[in-house]
Amino acid sequence: MWFRNLQLYRLIETFEHSPESLHAALEQRAFKPCAGLDTYSMGWAPPAGRETTQLVHAANGRIMVCLRREDRILPSAVVREHVEEKAEAIALAESRPVGRKEKQQIKEEVIVDLLPRAFTRSTHMYAYIDPKDGWAVVDSGTAKKAEELLSALRETLGSLRLKPVAVNNAPALVLTQWLETSTPAGFELGDECELKEPVDKGGVMRGRRMDLASAEVKSHLDAGMQVAKLAVEWQERIGCVLCDDLGIRRLRFLDLIMEEAADVDAEDALARFDADFALMGMELARFIPAVVEAYGGLDED
């Protein structure tokens, strides 16, 4: 289990739940498939998959959870086709046009009829809590999606006091400085960036697989553009794209880590999951503070 994106949050108060008590709380809102006319269903699922019934997975003091969401798939084109067929049948049978209001009623009836037979699609979102270091880490590319999981966790537990990570220096200015001068110790530039003009609806320049020290990039910086996204590698162990909203995207664990993971003798899928989570958690426990420090440290205010 390797996270691909990171949304970072600080715990405002001590997280009191043990893995056992957290599992018991999550059981009250365990995932159940869509029933009846539900358009979606959401609940807690085992992070390690079908190999276990445990709704939490703990390793080295960190606790992982998984939110499963199931959505019914009812394409609008299918609904529209059924509505038109029924409206046409009524018009022919009664020799009259079918008005907009009546079509809306037909549409509602069609949806009620089709929903129980619609296909479903499931998505899983993962997060872990590190009570010792005060972090909550969600594997999501956007803060909006991460908040879906955190809101569900708050509702389940009754309370979960945390806040998005805040730093002392503006990330856009810090990342721009890295590109203009040099990166801090441990970080190296990758081959991708996104530059923006610091005004509403300003210009955007995106570059991939390019030399970030090139004259082209420098000319945009000289024109006042700032870094919105920057690909970096850290200590030859982690690669990612750092973003000016403090999100970390396209997270990659590099060869050094994957070789360490491969060296672990895991007897089954559950043991492999446990070993990978332990290793990932250990690496992120070093990497996240390094990123925060590069941004000038946590803004505790």
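## Close-up views of a predicted model

**View 1. Residues around the second largest pocket.** The second largest pocket is lined by L74, S76, V79, R80, V83, E84, R100, K103, Q104, K107 and I111. Two elements, α2 (76-94) and α3 (100-114), each give two or more residues to this lining. By residue type, the lining of the second largest pocket divides into 4 nonpolar, 2 polar and 5 charged residues, and the space inside this pocket comes to about 200 Å³. As throughout these legends, the coordinates shown belong to a predicted model.

**View 2. Residues around the largest pocket.** The largest pocket holds about 290 Å³ of space, and the residues that line it are F31, A45, P46, P47, A48, G49, R50, C66, R68, H124, Y126 and F273. Here the elements that contribute two or more residues to the lining are β4 (62-73) and β5. When the residues of this lining are sorted by type, 8 are nonpolar, 2 are polar and 2 are charged.

**View 3. An aromatic cluster that includes F3 and Y128.** The model contains 5 aromatic pairs, and one of them joins F3 to Y128 in a tilted arrangement, with 5.7 Å from centre to centre and 45° between the planes. This pair links distant parts of the chain, since F3 belongs to the segment before β1 (7-11) while Y128 lies in strand β5 (residues 119-130), and the two are 125 residues apart. Both F3 and Y128 are buried, and together with F277 they form one aromatic cluster.

**View 4. Arginine charges placed over aromatic rings.** The charged end of R10 sits over the ring of W135, at 4.4 Å from the centre of that ring. R10 and W135 are also linked through the backbone pairing of strands, for W135 in β6 is the bridge partner of R10. In a further example of a charge over a ring, the charged end of R69 sits over the ring of Y40, where the distance to the ring centre is 4.1 Å.

**View 5. Strand β6 and the strands paired with it.** Strand β6 (residues 135-138) is covered on both faces, with W135 and V137 buried on one side and A136 and V138 buried on the other. β6 pairs with β1 in the antiparallel sense over 4 bridges, and 4 bridges likewise join β6 to β5, these two strands also running antiparallel. Within the pairing of β5 and β6, I129 stands opposite A136. The hairpin formed by β5 and β6 has 4 residues between the strands, and in this hairpin G134 takes a positive phi near 80°.

**View 6. D130 in strand β5.** Is D130, a residue of strand β5, buried or exposed? D130 counts as buried because its relative accessibility is 5%, where the cut-off for a buried residue is under 20%. A wider frame would be needed to include H82, which is 48 residues from D130 in sequence and 51 Å from D130 in space, C-alpha to C-alpha.

Notes: Residues are numbered from 1 along each chain as its sequence is written. This is a predicted model: local features need pLDDT of at least 70, side-chain atom pairs count only at pLDDT 80 or more; totals for chains, interfaces and linings use all residues. Side-chain values use heavy atoms; hydrogens and water are left out. Rings of Phe, Tyr and Trp (its six-membered ring) pair if their centres lie within 6.5 Å; planes under 30 degrees apart count as stacked, over 60 as edge-to-face and the rest as tilted. Buried means under 20% relative accessible area, exposed over 50%, partly exposed in between (1.4 Å probe, protein chains only). A charge sits over a ring if NZ of Lys or CZ of Arg is within 6 Å of the ring centre and within 35 degrees of the ring normal. On a 1 Å grid over the protein atoms alone, a cavity is a set of points where a 1.4 Å probe fits but cannot get out, and a pocket is an open set with protein on both sides within 12 Å along at least five of seven lines; lining residues have an atom within 4 Å of a point. Grid points are joined across faces, edges and corners, and a volume is the space filled by probe spheres set on the points. Ala, Val, Leu, Ile, Met, Phe, Trp, Tyr, Cys and Pro count as nonpolar, Asp, Glu, Lys and Arg as charged, and the others, Gly among them, as polar. Two strands pair if DSSP finds at least two bridges between them.
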